[in-house]
Number of protein chains: 2
Amino acid sequence: MRQVFLHGERDIRVDDVVDPALENGIEAAGRDAIVRVVAACVCGSDLWGYRGVKPTPKPRPIGHEFVGIVEEVGSAVSRVRVGDFVIAPFYVCDGSCLNCINGFSSHCLNGGFWGSKVHDAGYANAAQSERVRVPLADGTLVVVPGQPAENMIPALLSLSDVMGTGHHAAVSAGVGPGSTVAVIGDGAVGLCAIIAAKRLGATRIVAMSRHADRQALAREFGATDVVPERGDEGIAILKNMFDGIGPDCVLECVGTEESMDTALRSARPGGQVGFVGVPAGGAELPIDTLFGSNVGVRGGIAPVRNYIEELLPEVLDGSIQPGRVFDLELPLAEAAEAYRAMDERRAIKVLLRP
Amino acid sequence: MRQVFLHGERDIRVDDVVDPALENGIEAAGRDAIVRVVAACVCGSDLWGYRGVKPTPKPRPIGHEFVGIVEEVGSAVSRVRVGDFVIAPFYVCDGSCLNCINGFSSHCLNGGFWGSKVHDAGYANAAQSERVRVPLADGTLVVVPGQPAENMIPALLSLSDVMGTGHHAAVSAGVGPGSTVAVIGDGAVGLCAIIAAKRLGATRIVAMSRHADRQALAREFGATDVVPERGDEGIAILKNMFDGIGPDCVLECVGTEESMDTALRSARPGGQVGFVGVPAGGAELPIDTLFGSNVGVRGGIAPVRNYIEELLPEVLDGSIQPGRVFDLELPLAEAAEAYRAMDERRAIKVLLRP
């Protein structure tokens, strides 16, 4: 089958590899499934490797978001059946360990990530490919009722990562009815965080964005205000918009030192920063600033698997439309162009069709 | 009157100063009160200056916790009356600004701290003295119903800071019914944090303590377990006590780099650290650790004024007994010995009687 590999800085290739197969002879045998990928996509975090911010010492398969149709299941799989349309979160989890039960399946004690070996459950293919072997299929995959219409595919795919991750930013920041919110980052996650903040009841949502097309989408998703300024200027404007003290909640959806600094210094005393931007090096969190402001910080690898059941009905009935963050669709064979488009910010998020 | 001054490293003196008086001719005139101090005390944070960790370039009045009897009130004071027994939080606040209303009166937009000038409200004396001028008296002071019995004084005084600060650690860590909790620090605040965790419904509370007398008090306050080990060893034991993943909540009540490191690495994935130890220099918070564990961090200068009304009834009916953290009482004139006793850890907390 065809699978996307990152060979080095700005070097994306679609290579031929052996098709994945159900694995026997391992401890977790019988608990896997083979899924034919209907749609995958490129993540903002994939760009850290693509841009060389994170080194790529040897070629590695890439991609961690996909939806597809189950082709085979192991003998111990009971929830997922051949022919089901499924959403995969961006990680593998068993759904039954303490961390999964606590709502943090992204820290599953028996789980792992696409493109690597998962504990005693064998290899999990990366997602930008034609087929994926899913270890711990019953815990990992969410079955979509029926066969979704073609135009629902992007929104369903967003539940793999960006919609759940934006939701995690909002949940981590404690967004609730009446909250005032600022969202830093106008990438796919930041835009989904706006959707999340609105559905959780925020009454005022400021999108920090400098791009006209993204500003427009932010407003359609629920942003009530747009602030293009950054750094000290952006902070001053934000403070001023909220009685001089700042918003209750700030959702940090970028991962740079500057964006976190803006988040920490924007929230009102006693406010909360929810952060989901993968930290791209840079500074640690200034404890004196936090202590002196009582601004809390919470976030990390989003437990999107725990959120899919909550969000799926609203995706299916169209009341939230996170699929709109996909503004370019390409065949898997053109993955290199997909990466270029995102790197050059010509696209918010690119959907790939095997 | 007599007032305690820190003159330099390990140099505490009780000096004569002019009695404070109601101030006229300032913007906030008429809103102050003069309180005769019935009891004050020494705080763990006072030791940073005493030990020279924080420099003392010139002598400064010290102390920020007191209870007393109102002797005079300004013309605009309405809630507080002459003769009232009052508790002062460790800061001045108006009770009516946005931060106060949001529950964070320690960040009052018009407030300040004892021993310094408070915005447009004039000078606030430090608390280790015979009398204190209280700016913004209606916002700052809490009136205790009736005249409390002598044996209630220590518990009431604890509401000035340590009991409310321990409560803030527990609230910031999200302690609730069924929570599992570890408390780092067996000083007065850590011990009060145990009281707070228990009354908020925690079912298992681990006191990290190496001192037999403090371990005993911790157990009386509600600790179910005691762990004397620190650092990596303490973390491993804590993880092991809670199914290998760690407790839900960790209350950091010390303020050193080591104690925060222990807190961050002990909490379970998705857990929460509540921190109230005044940061004593040292490292910033490691963002990769937080991101990789989804452990939240929240805390800071405790809004104890907002908590007094909630905690006072339980102090008055004896259902919580935070006054027991005072294990030494001295006349104000012997303040130097009070500091020595706390510095040498001969006393948990020293009460001073003017």
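**View 1. D243 of chain B, a partly exposed loop residue.** D243(B) is partly exposed, as 14 other C-beta atoms lie within 10 Å. As with everything shown in these views, this comes from a predicted model. For orientation, look in the loop between α8 (231–241) and β16 (249–252) of chain B, where D243(B) has its place. The backbone deserves a glance too: phi of D243(B) is near 55°, a positive value in a residue other than glycine.

**View 2. R10 of chain B, between two strands.** Here we move to the loop between β1 (2–8) and β2 (11–16) of chain B, which holds R10(B). What is the sign of phi at R10(B)? Phi is positive, about 55°, although R10(B) is not a glycine. The surroundings of R10(B) contain 13 C-beta neighbours inside 10 Å, so R10(B) counts as partly exposed; the buried class would need 20 or more.

**View 3. The open sheet β2-β1-β4 of chain B.** The two strands that flank R10(B) reappear here, in an open sheet of 3 strands with the order β2-β1-β4 (chain B) and antiparallel pairing. Which strands form the edges? They are β2 and β4 (60–61) of chain B, each of which pairs on one side only. Between β1(B) and β4(B), which run antiparallel, there are 2 bridges. To find this pairing on screen, pick F5(B), which stands opposite P61(B) in β4(B).

**View 4. Strand β20 of chain B and its partners.** This close-up follows the strand at residues 350–353 of chain B, β20(B). With strand β3 (residues 33–41) of chain B, β20(B) runs antiparallel, and 2 bridges join them. C41(B) is a handy marker here, standing opposite L351(B) in β20(B). With strand β19 (residues 328–331) of chain B, the pairing of β20(B) is in the parallel sense, over 4 bridges; L328(B) has V350(B) as its bridge partner in β20(B). Helix α12 (residues 335–343) of chain B completes the picture: β19(B), this helix and β20(B) make a right-handed β-α-β unit.

**View 5. Where the two domains of chain A touch.** The domain assignment of chain A gives domain 1 (2–161 + 303–353) and domain 2 (162–299). Their centres, taken over C-alpha atoms, are separated by 27 Å. Domain 1 of chain A brings 19 residues to the contact, and domain 2 of chain A brings 17 residues. Which helix gives the most to the side of domain 1 of chain A that touches domain 2 of chain A? Helix α11 (residues 304–316) of chain A does, with 5 residues. Sorted by class, this side of domain 1 of chain A has 12 nonpolar, 3 polar and 4 charged residues.

**View 6. Chains A and B face to face.** In this last view, the contact takes 28 residues from chain A and 28 residues from chain B. On the side of chain A that touches chain B, α2 (98–101), α10 (287–293) and β18 (296–299) of chain A each supply at least two residues. The largest share of that side, 6 residues, comes from α10(A). By class, the side of chain A that touches chain B has 12 nonpolar, 11 polar and 5 charged residues. As for symmetry, a turn of 180° and a shift of 0.0 Å along the axis lay chain A on chain B with an RMSD of 0.0 Å. That is the relation of a two-fold axis. Of the interface residues of chain A, 100% are also interface residues in chain B, so the copies meet through the same surface.

Notes
Residues are numbered from 1 along each chain as its sequence is written. Chains are lettered from A and ligands numbered from 1 in the order in which they are written. This is a predicted model: local features need pLDDT of at least 70, side-chain atom pairs count only at pLDDT 80 or more; totals for chains, interfaces and linings use all residues. Copies are superposed by least squares on the C-alpha atoms of residues with pLDDT of at least 70 in both. Two residues are in contact if their C-beta atoms, placed from the backbone, lie within 7 Å. Domain bounds come from an automatic or database domain assignment. Ala, Val, Leu, Ile, Met, Phe, Trp, Tyr, Cys and Pro count as nonpolar, Asp, Glu, Lys and Arg as charged, and the others, Gly among them, as polar. Two strands pair if DSSP finds at least two bridges between them. A crossover is right-handed if, with the strands pointing away from the viewer, the path from the first strand over the helix to the second runs clockwise. A residue is buried if 20 or more other C-beta atoms lie within 10 Å of its own, exposed if 12 or fewer, and partly exposed in between; C-beta atoms are placed from the backbone.
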